[in-house]
Amino acid sequence: MKRLKIGQAVALLAIAVIISSCGSGRHYQSYPPPPPPRTSVSLILNGGPHLVVSRYHDGRYYYRSPNGYIYWRGPGNRYYLDRRYMQQSWRSHNQYRAWRRGR
């Protein structure tokens, strides 16, 4: 009878040890997520039949790209990227200078 109780106690203790050892004892360092990919957006678009142009309520013309960027009509029927997207987009120095002259 005592052997039966000792056997049950040992079995219960073994099950408790097995269950507690199944958990991961390692603590992994959580790294921040990778930065989003840099978008390369054209700063100036030439007008043409491929652009679907809309008219804003104040009379200015604009084009909304498939990515959601807004381009405003400028001189020479060219469309310039809206100012609020400039921090988000990648650009070369020459593109930026041309954008600054045209808006």
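Leaving aside neighbours within four places in sequence, Asp 82 is in contact with Ile 70, Tyr 71 and Trp 72. Asp 82 itself sits in the loop between E6 and strand E7 (89-90). Its relative accessible area is 14%, under the 20% cut-off, so Asp 82 counts as buried. The model is predicted. Its main features are set out below.

**The chain as a whole**

- The protein chain holds 2 helices and 7 strands.
- Along the sequence, the pattern reads α-β-β-β-β-β-β-β-α.
- The protein chain has 103 residues, and 21% of them are buried.
- About 8800 Å² of the protein chain is exposed. Carbon and sulfur atoms supply 57% of that area.
- Take the contacts between residues at least 6 apart in sequence: 40% of them join residues at least 24 apart.

**The sheet**

- Five strands form an open sheet, in the order E2-E6-E5-E4-E3. The pairing is antiparallel.
- Strand E2 (44-46) and strand E3 (53-55) are the edge strands. Each of these two pairs on one side only.
- Neighbouring strands of this sheet are turned against each other by 35 degrees on average, direction ignored.
- Helix H2 (residues 93-102) lies across E2 and strand E6 (78-81). The helix runs at about 110 degrees to E6.

**From E3 to E4**

- E3 and E4 pair in the antiparallel sense, over 3 bridges.
- Val 53 stands opposite Tyr 63 in E4.
- The hairpin of E3 and E4 has 5 residues between the strands. In this hairpin, Gly 59 takes a positive phi near 100 degrees.

**From E4 to E5**

- Strand E4 covers residues 61-64, and strand E5 covers residues 70-73. They run antiparallel and are joined by 3 bridges.
- Tyr 63 faces Tyr 71 in E5 across this pairing.
- Arg 64 stands opposite Ile 70 in E5. Ile 70 is also one of the residues in contact with Asp 82.
- The hairpin of E4 and E5 has 5 residues between the strands. Here Gly 68 takes a positive phi near 100 degrees.

**From E5 to E6**

- E5 and E6 run antiparallel, with 3 bridges joining them.
- Tyr 71 stands opposite Leu 81 in E6.
- The hairpin of E5 and E6 has 4 residues between the strands. Gly 76 in this hairpin takes a positive phi near 75 degrees.

**Aromatic pairs**

- The whole structure contains 5 aromatic pairs.
- One of them joins Tyr 62 and Trp 72. This pair is tilted, with 5.6 Å centre to centre and 55 degrees between the planes.
- Tyr 62 is in strand E4 and Trp 72 in strand E5, 10 residues apart, and the pair links distant parts of the chain.
- Tyr 62 and Trp 72 are both buried.
- Tyr 63 and Tyr 71 form another tilted pair. Their centres are 6.2 Å apart, and their planes are at 35 degrees.
- Both Tyr 63 and Tyr 71 are buried.
- Ring pairs also link Tyr 56, Tyr 62 and Trp 72 into a cluster.

**Residues that recur**

- Trp 72 has several partners. Its ring belongs to the cluster with Tyr 56 and Tyr 62. Arg 60 lies over the face of Trp 72, at 4.0 Å from the ring centre. Trp 72 is also in contact with Asp 82.
- Tyr 71 appears in both pairings of E5. Tyr 63 stands opposite Tyr 71 on the E4 side, and Leu 81 does so in E6. Tyr 71 is also among the contacts of Asp 82.
- Tyr 63 stands opposite Val 53 and also opposite Tyr 71. The rings of Tyr 63 and Tyr 71 form a tilted pair as well.

How values were computed
Residues are numbered from 1 along each chain as its sequence is written. This is a predicted model: local features need pLDDT of at least 70, side-chain atom pairs count only at pLDDT 80 or more; totals for chains, interfaces and linings use all residues. Side-chain values use heavy atoms; hydrogens and water are left out. Two strands pair if DSSP finds at least two bridges between them. Axes are lines fitted to C-alpha atoms, for helices over the stretch in contact, and angles run from 0 to 180 degrees between N-to-C directions. Contact means heavy atoms within 4.5 Å. Buried means under 20% relative accessible area, exposed over 50%, partly exposed in between (1.4 Å probe, protein chains only). Accessible areas come from the Shrake-Rupley method with a 1.4 Å probe; for residues, only the protein chains shown count as cover. Rings of Phe, Tyr and Trp (its six-membered ring) pair if their centres lie within 6.5 Å; planes under 30 degrees apart count as stacked, over 60 as edge-to-face and the rest as tilted. A charge sits over a ring if NZ of Lys or CZ of Arg is within 6 Å of the ring centre and within 35 degrees of the ring normal.
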